[in-house]
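User: Please take a close look at metal coordination here, and then tell me about the surroundings in one connected account.

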Amino acid sequence: MTLLPLPAFSDNYIWVLHDGQRALVVDPGESDAVLDWLGTNGLTLDTILLTHHHGDHTGGVRALREATGARVVGPRAEPMPEPLVRVGTGDTVEALGLNLEVFDVPGHTAGHIAFFCDGAGTGDAPLLFCGDTLFSGGCGRLFEGSPAQMLTSLGRLASLPDATRVCCAHEYTLSNLRFALAVDPDNDALQTYAAHCQSLRERNLPTLPSSIGLEKRINPFLRAEQPALERSARAHDPDTPPGPLGVFTTLRAWKNVFQ
Ligand code: ZN
Ligand code: FE
């Protein structure tokens, strides 16, 4: 199986997974990038996976379905370009001979889902398509969910195997890491990773996929229980309640206004 990100708009990635003949794509906000790529590489589109309803993730679905007849799979409870197969926690999607487990991960939107493949029997590391829930060094904005929901959703993702390849839907890494360095300045792994990502972006290379093991070491939104982050949160907002949810809530609000 080959995994690659197709850049779309200014900072979206449309993830492609293929076996040399058939492909699946995740969150095609536009169709042209996907159709061009399929044409150039002579592949058939089998499945379109959708994580949430935002237009930069769904805008290409109608044109792709018309051009390819691909099956569309998306969240149970979001407005979606019909028809599609609707799935949520407990469901498994079969595609390209793989089983993808579905998790509800509310927070960015109310019905956001993620797709996880444990890689068993493939020789490949596990794989996570998490849309706008978990980013490298950051997490999605809370448009429709509460901090408690997002913290629970991120905790579910953080419990996946460390080797899991994390396929986020945006190249937000450098701006996330500027905030991460401000709130977790003594984190050596974070400093090393930031320098690495800087050099990748200077060469116009993606910083993704990340991994769960790495994100647990560098992402402040997966580290709200760490004393260093609690200290930073409290220095920013002295009313931050003790405990991970209070720290997470302060960090998420701070990131929204961080320049
Ligand atoms: Zn979104
Ligand atoms: Fe998005």
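Analyst: Donors here are N, O and S atoms within 2.8 Å of the metal (3.2 Å for Na, K and Ca), and with water not among the atoms, sites may look incomplete. This is a predicted model, in which local features need pLDDT of at least 70 and side-chain atom pairs count only at pLDDT 80 or more, while totals for chains, interfaces and linings use all residues. Residues are numbered from 1 along each chain as its sequence is written, chains are lettered from A and ligands numbered from 1 in the order in which they are written, and side-chain values use heavy atoms, with hydrogens and water left out.

Let's begin with the residue that links the two metals. Aspartate 132 bridges the iron ion (ligand 2) and the zinc ion (ligand 1), and the two ions lie 3.2 Å apart. Aspartate 132 sits in the loop between strand S10 (127-131) and strand S11 (134-135), whereas aspartate 56 belongs to helix H2 (residues 55-58), so this pair ties together parts that are 76 residues apart in sequence. (Helices, H or I with at least four residues, and strands, E with at least two, are DSSP runs numbered from the N terminus.) The bridging aspartate 132 is buried, at a relative accessible area of 4%, while aspartate 56 is partly exposed at 23%. Here buried means under 20% relative accessible area, exposed over 50% and partly exposed in between, with a 1.4 Å probe and protein chains only.

Now each ion in turn. Around the iron ion (ligand 2), the coordinating atoms come from Asp56 (OD), His57 (NE2), Asp132 (OD) and His170 (NE2), at 2.0 to 2.4 Å. Along the chain, the donors of the iron ion (ligand 2) are spaced as D-H-x74-D-x37-H. The angles that these 4 donor atoms subtend run from 84 to 169°, which makes the arrangement around the iron ion (ligand 2) irregular.

The zinc ion (ligand 1) takes its protein donors from His52 (NE2), His54 (ND1), His108 (NE2) and Asp132 (OD), which lie 2.2 to 2.3 Å away. The spacing of the donors of the zinc ion (ligand 1) along the chain reads H-x1-H-x53-H-x23-D. The site of the zinc ion (ligand 1) is irregular too, with angles of 86 to 174° among its 4 donor atoms. For reference, four donors count as tetrahedral if all angles lie between 85 and 135 degrees; four count as square planar and six as octahedral if opposite donors are over 155 degrees apart and all others between 65 and 115; anything else is irregular. Two of the zinc donors, histidine 52 and histidine 54, are both buried.

From the sites, we can follow the contacts outward, where contact means heavy atoms within 4.5 Å. Phenylalanine 135 lies in strand S11 and is buried, with a relative accessibility of 3%. Setting aside residues up to four places away in sequence, phenylalanine 135 touches the iron donor His170, along with Gly140, Cys168, Ala169, Tyr172, Asn176, Glu215 and Asn219. Its C-alpha atom is 14 Å from that of threonine 164, a residue 29 places away along the chain.

One of those partners, asparagine 176, is found in helix H5. At 3% relative accessibility, asparagine 176 counts as buried. Beyond its neighbours within four places in sequence, asparagine 176 is in contact with Phe135, Ser136, Gly137, Gly138 and Lys255.

Helix H5 (residues 173-183) in turn packs against helix H6 (residues 188-202), at an angle of about 155° and with the axes 10 Å apart. That makes H5 roughly antiparallel to H6. Axes are lines fitted to C-alpha atoms, for helices over the stretch in contact, with angles from 0 to 180 degrees between N-to-C directions; under 35 degrees counts as roughly parallel, over 145 as roughly antiparallel, 65 to 115 as roughly perpendicular and the rest as oblique. On the H5 side, the contact is made by Thr173, Leu174, Leu177, Ala180 and Leu181, and on the H6 side by Leu190, Gln191, Tyr193, Ala194, Cys197, Gln198 and Arg201.

Past H6, proline 209 lies in the loop between H6 and strand S14 (210-211), and the peptide bond from leucine 208 to proline 209 is cis, with omega near 0°.
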